[in-house]
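Please open the model in your viewer and follow the stops below in order. Each stop names a selection and then describes what is found there.

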Amino acid sequence: VSQAAARQRRGRAGRVQAGTCFRLFSSGTHTAMAKQQPPEMHRVPLDQLVLQVMSMGLGETWSFLAESLDPPPKAAVEQALSTLHAVGAIQGGVRGQWLGPARNGSKGSGVWKLSMLGTHLARMPVDVRLARMLVYAAVLGVTEPALTIAATLSSRSPFLSPFEKRQEADRAKRSFSRPRDKSDHILCVRAFEQWEAAKQGGGREERSFCEKNFLSSASLRTINDLRSQFREVLADSGFTSSKRGKVRRWDSAVGDESSNANADNTRVLRAVICAGLYPNVVRVQKPETTYVEQVAGAIAQAPTAKQLKMYTQVDGRVFLHPTSVNFVNADFVSPWLVFHQKQATTKVWIRDSSMVTPYALLLFGGELEVLHQRAEVHVDAWIRFAAAPRTAALLRGLRGLLDDAMEAKLANPEADVSNHPAIAALLRILAFE
């Protein structure tokens with residue numbers, strides 16, 4: 001809160017009659033506050049802004065933004081370009097050299113320019129990671145559940161947590177999750193689906209459902225509206241058809257059947273979540289195995305959730321937020337999570353997360369590096385997997401074919417690539433992973 005914001009809020013006490021404003025902080029705290037709130041370019045990630053600057057051809061990104069009244073920190077622009085590179089929105093430059101001089105009068109940030117994917121992402125009024133998730137969802141046939149995830153992450157959480165009923169609300173929230181999910185994002189999909197089913201029974205049934213499960217009807221309706229907006233964006237871009245019709249249980253305006261062919265397949269959905277939220281990756285480190293002596297011999301003791309340690313490449317150790325469904329999980333089949341939002345207080349908290357599998361990271365993550373002599377495959381030099389040389393070569397080949405399929409779809413969004421050999425191979429791998 002700034003001093004200017006405090007003065008503005010004080011005015012609310014006297015709008016219709018004389019009033020009194022009570023502030024829950026001391027005069028000393030007020031004096032120490034900033035006089036004005038920092039400009040938005042100093043407070044929020046610049047991914048979308050930098051993407052728009054590059055798409056409009058306004059010249060070298062940093063040179064353009066430096067002309068603003070309150071230029072953002074150069075490090076923030078570099079971070080934005082790093083993020084855009086990680087999601088595949090820019091190409092042509094040298095990784096790590098984000099603000100190099102322009103060559104031959106080229107537009108964009110130095111030698112960096114928008115990729116074909118970046119051109120499409122720039123047209124979508126949504127966070128670049130979520131936009132990428134929606135594009136991949138349309139290709140892999142999980143558009144409808146991905147729309148729910150994107151809308152939920154773009155709005156206020158629909159889950160309520162009254163102070164006096166916090167434990168009851170937490171149990172109600174976790175009831176939407178299935179043991180194999182290990183995902184806050186899939187949990188939101190299941191909650192939304194059940195709300196839609198309750199809504200078909202009329203207003204009374206909907207209110208009863210929301211009260212029983214501590215859900216906000218207003219937030220769910222906002223999510224529903226955002227889903228419609230995002231669906232229209234995909235249709236306008238050509239990634240889905242705008243025709244009406246039923247696909248499985250969906251009863252609203254949806255895309256063509258190919259864009260929802262795997263709507264009930266959580267393994268494919270999990271891979272799409274990974275494609276969208278990468279490089280926000282958490283590594284789960286389990287403690288050393290301990291054994292308990294039994295009559296039949298020593299038995300390995302399963303670790304508890306408190307014994308697990310979480311790490312990211314940028315922040316080091318992080319912690320799952322207590323509101324996450326994964327906060328109490330200890331039996332992660334895969335030691336990798338992806339997330340959308342983190343919060344730094346006394347610790348760095350991961351507010352939402354989904355467990356993802358090695359194949360999802362290998363096929364939808366960053367740059368692959370195959371180390372044949374060490375029998376390893378690295379993703380962006382820090383995510384490491386053991387792999388026989390032949391397996392590593394096959395994965396790299398499949399990754400190249402998937403990139404070709406995506407390029408074909410991006411070049412002609414209306415093309416149906418669901419029968420592409422790489423897509424078929426990917427679906428078989430995910431089905432038996």
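Select leucine 361 in this predicted model. Leaving aside residues up to four places away in sequence, leucine 361 touches Cys274, Tyr278, Val281, Trp336, Val356, Val379, Ile383 and Phe385. Leu361 is also, together with Val50 and Ile383, among the residues with the most contacts inside the largest nonpolar core, which has 98 residues. Helix H7 supplies the largest share of this core, 11 residues. Colour separately Leu308, Phe339, Ile350 and Met355, which are included in a second, separate core of 13 residues.

**The sheet E12-E13-E14**

Next, display the open sheet of 3 strands, ordered E12-E13-E14 and paired in the antiparallel sense. Which strands lie at the edges of this sheet? They are strand E12 (368-371) and strand E14 (383-386), each of which pairs on one side only. From one strand to the next, the twist averages 20°. Now restrict the view to E12 and strand E13 (residues 376-379): these run antiparallel and are joined by 4 bridges. Within this pairing, select glutamate 369, whose bridge partner in E13 is histidine 378.

**Helices H7 and H8**

Return to H7, the helix with the largest share of the largest core, and add H8 to the selection. The axes of helix H7 (residues 128-140) and helix H8 (residues 143-153) come within 9 Å and cross at roughly 170°. An angle over 145 degrees counts as roughly antiparallel, and H7 and H8 are therefore roughly antiparallel to each other. Show side chains on the H7 face of the contact, namely Leu130, Met133, Leu134, Ala137 and Ala138. On the H8 face, these meet Thr143, Ala146, Leu147, Ile149, Ala150 and Leu153. How do the residues of the contact of H7 with H8 divide into nonpolar, polar and charged? There are 10 nonpolar, 1 polar and no charged residues.

**Helices H3 and H5**

Select helix H3 (residues 47-55) together with H5; their axes come within 9 Å and cross at roughly 80°. Angles of 65 to 115 degrees count as roughly perpendicular, so H3 and H5 are roughly perpendicular to each other. From H3, the contact is made by Asp47, Val50, Leu51 and Met54. From H5, the contributing residues are Val77, Ala80, Leu81, Thr83 and Leu84. The residues of this contact of H3 with H5 divide into 7 nonpolar, 1 polar and 1 charged. Val50 of H3 has already appeared on this tour, as one of the residues with the most contacts inside the largest core.

**Aspartate 70**

From H5, move to the loop between helix H4 (61-65) and helix H5 (74-86), where aspartate 70 is found. Is aspartate 70 buried, partly exposed or exposed? Aspartate 70 is partly exposed, with a relative accessible area of 42%. Not counting residues up to four places away in sequence, aspartate 70 touches Pro39, Met41 and His42. Draw a distance from aspartate 70 to glutamate 40: the two are 30 residues apart in sequence and 9.6 Å apart in space, C-alpha to C-alpha.

**Glutamate 206**

Centre next on helix H11 (residues 203-213), in which glutamate 206 lies. At 5% relative accessibility, glutamate 206 counts as buried. Which residues does glutamate 206 touch, not counting those up to four places away in sequence? They are Trp195, Ala198, Lys199, Ser217 and Arg221.

**Hairpins and a parallel pairing**

Select strand E4 (residues 290-294) and strand E5 (residues 297-301), which run antiparallel and are joined by 5 bridges. E4 and E5 form a hairpin with 2 residues between them. Tyrosine 291 stands opposite alanine 300 in E5.

Then proceed to strand E6 (residues 309-312) and strand E7 (residues 316-320), an antiparallel pair joined by 3 bridges. The hairpin that joins E6 to E7 passes through 3 residues. Methionine 310 stands opposite valine 318 in E7.

Finally, keep E7 selected and add strand E10 (residues 348-350). E7 and E10 pair over 2 bridges in the parallel sense. At this pairing, phenylalanine 319 stands opposite tryptophan 349 in E10.

Notes
Residues are numbered from 1 along each chain as its sequence is written. This is a predicted model: local features need pLDDT of at least 70, side-chain atom pairs count only at pLDDT 80 or more; totals for chains, interfaces and linings use all residues. Side-chain values use heavy atoms; hydrogens and water are left out. Axes are lines fitted to C-alpha atoms, for helices over the stretch in contact, and angles run from 0 to 180 degrees between N-to-C directions. Angles under 35 degrees count as roughly parallel, over 145 as roughly antiparallel, 65 to 115 as roughly perpendicular and the rest as oblique. Contact means heavy atoms within 4.5 Å. Ala, Val, Leu, Ile, Met, Phe, Trp, Tyr, Cys and Pro count as nonpolar, Asp, Glu, Lys and Arg as charged, and the others, Gly among them, as polar. Two strands pair if DSSP finds at least two bridges between them. A nonpolar core is a set of buried Ala, Val, Leu, Ile, Met, Phe, Trp, Tyr and Cys residues joined through side-chain atoms within 4.5 Å. Buried means under 20% relative accessible area, exposed over 50%, partly exposed in between (1.4 Å probe, protein chains only).
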